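Q: Hi, could we go through this structure together, one topic at a time? I am new to this, so plain sentences would help.

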Amino acid sequence: ANTSIIDEDYASLLGNIKLTDGAIKVTDKTAQQGEIEWIIPEVEAAPGEKVTMNVIVKGDALAVSGFEGGISYDNAGNKIAYSALTSGDAYGAETVVNGLDKLAFATPSGFNKVAADGSTIFTIEFTVAADCAEGTYPVKWATSSIIDEDYNSLLNNVKLTNGAIKVTKNE
């Protein structure tokens, strides 16, 4: 290419400088390997009780940076009510709650974090009405997006396991 390099007096410096072509190498970022499981547990409650569900991570072979999604549940004909959701320690992230069906979190740095095996993502509390019929009421993952720091989807690497509230009367 035609190149001109001059000093402050407009004198050419090309005789004093060796120009060498270079290159920029662009490579695909390798997607993460490994699998983990996010588990909504199965818990038991009697009519009239509050129930707590610690949603946990099983395994530590995958780093996550963010989540958007929700939880759906069978309310037993309005006899089981969602009470609260609190953030856990798994990713060091504060969960944003706009209703149980609209949840989100991101790691504080925005970078990937590997959660410890058995750590809590978040805790959900439900209240079971005193006149709730016995039965098993599903608590399920709703449409979700789980990503790494490069915005790659991790849904093929994170098994989402549904849980339930099993209501039994105390005898």
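A: Let us begin with a definition: two rings of Phe, Tyr or Trp, with the six-membered ring used for Trp, count as a pair if their centres lie within 6.5 Å. Please keep in mind that this is a predicted model.

Q: OK, and which residues form one aromatic cluster here?
A: The cluster is made up of W38, F67, Y91, F105, F122 and W141.

Q: How many aromatic pairs does a search of the whole structure find?
A: The search finds eleven aromatic pairs. One of them is formed by W38 and F67, which meet edge-to-face, with 5.6 Å from centre to centre and 65° between the planes.

Q: Which parts does that pair tie together?
A: W38 belongs to strand 1 (residues 36-39) and F67 to strand 5 (residues 66-69), so the pair ties together parts that are 29 residues apart in sequence.

Q: And are W38 and F67 buried or exposed?
A: W38 is buried, and F67 is buried as well.

Q: What about Y91 and F105, how are those rings arranged?
A: Y91 and F105 form a stacked pair, with 5.5 Å centre to centre and 20° between the planes. This pair links distant parts of the chain, since Y91 sits in the loop between strand 7 (80-87) and strand 8 (96-97), while F105 sits in strand 9 (residues 103-106), 14 residues apart. Both Y91 and F105 are buried.

Q: Does any of this turn up again elsewhere, say, which residues touch the most other members in the largest nonpolar core?
A: That core has 37 residues, and W38, Y91, F122 and I165 are the ones that touch the most other members. Several strands supply at least two residues each, among them strand 1, strand 7 and strand 9, and strand 11 gives the most, with five residues.

Q: Changing topic: in what order do the four strands of the open sheet come?
A: The order is 8-9-5-13, and the pairing is antiparallel.

Q: Which strands stand at the edges?
A: Strand 8 and strand 13 (145-147) stand there, each with a single partner strand, so one side of each is left without a neighbour in the sheet.

Q: How many bridges join strand 5 to strand 13?
A: Three bridges join these two antiparallel strands, and in one place G66 has I147 of strand 13 as its bridge partner.

Q: Next, empty space. How much lies in the largest pocket, and what lines that pocket?
A: The largest pocket holds about 160 Å³ of space, and 13 residues line it, with S65, G66, A106, I147 and Y151 lying nearest its centre. Strand 5, strand 9 and strand 13 each supply at least two residues of this lining, which divides into six nonpolar, four polar and three charged residues.

Q: And which residues line the largest cavity?
A: The largest cavity, with about 40 Å³ of space, is lined by G88, D89, A90, Y91, G92, A93, T95, F105 and I121. Y91 and F105, the stacked pair from before, are therefore part of a lining described by atoms within 4 Å of a cavity point.

Q: Last one: what is the phi of Y10 and of A76?
A: Phi of Y10 is near 65°, a positive value in a residue other than glycine, and phi of A76 is near 55°, also a positive value in a residue other than glycine. Y10 is found in the segment before strand 1 and is exposed, with a relative accessible area of 69%, whereas A76 lies in the loop between strand 6 (71-73) and strand 7 and is buried, at 16%.

Technical notes:
Residues numbered from 1 in each chain as written. Predicted model: local features only at pLDDT ≥ 70, side-chain atom pairs only at ≥ 80, totals over all residues. Heavy atoms only, no water. Phe/Tyr/Trp six-rings, centres within 6.5 Å; stacked < 30°, edge-to-face > 60°. Buried < 20%, exposed > 50% of the residue type's maximum accessible area, 1.4 Å probe, protein only. Pairing = 2+ DSSP bridges. 1 Å grid on protein atoms, 1.4 Å probe; cavity = no way out; pocket = protein on both sides within 12 Å on 5 of 7 lines; lining within 4 Å. Points joined across faces, edges and corners; volume = space filled by probe spheres on them. Nonpolar A, V, L, I, M, F, W, Y, C, P; charged D, E, K, R; others polar. Core = buried A, V, L, I, M, F, W, Y, C linked by side-chain atoms within 4.5 Å.
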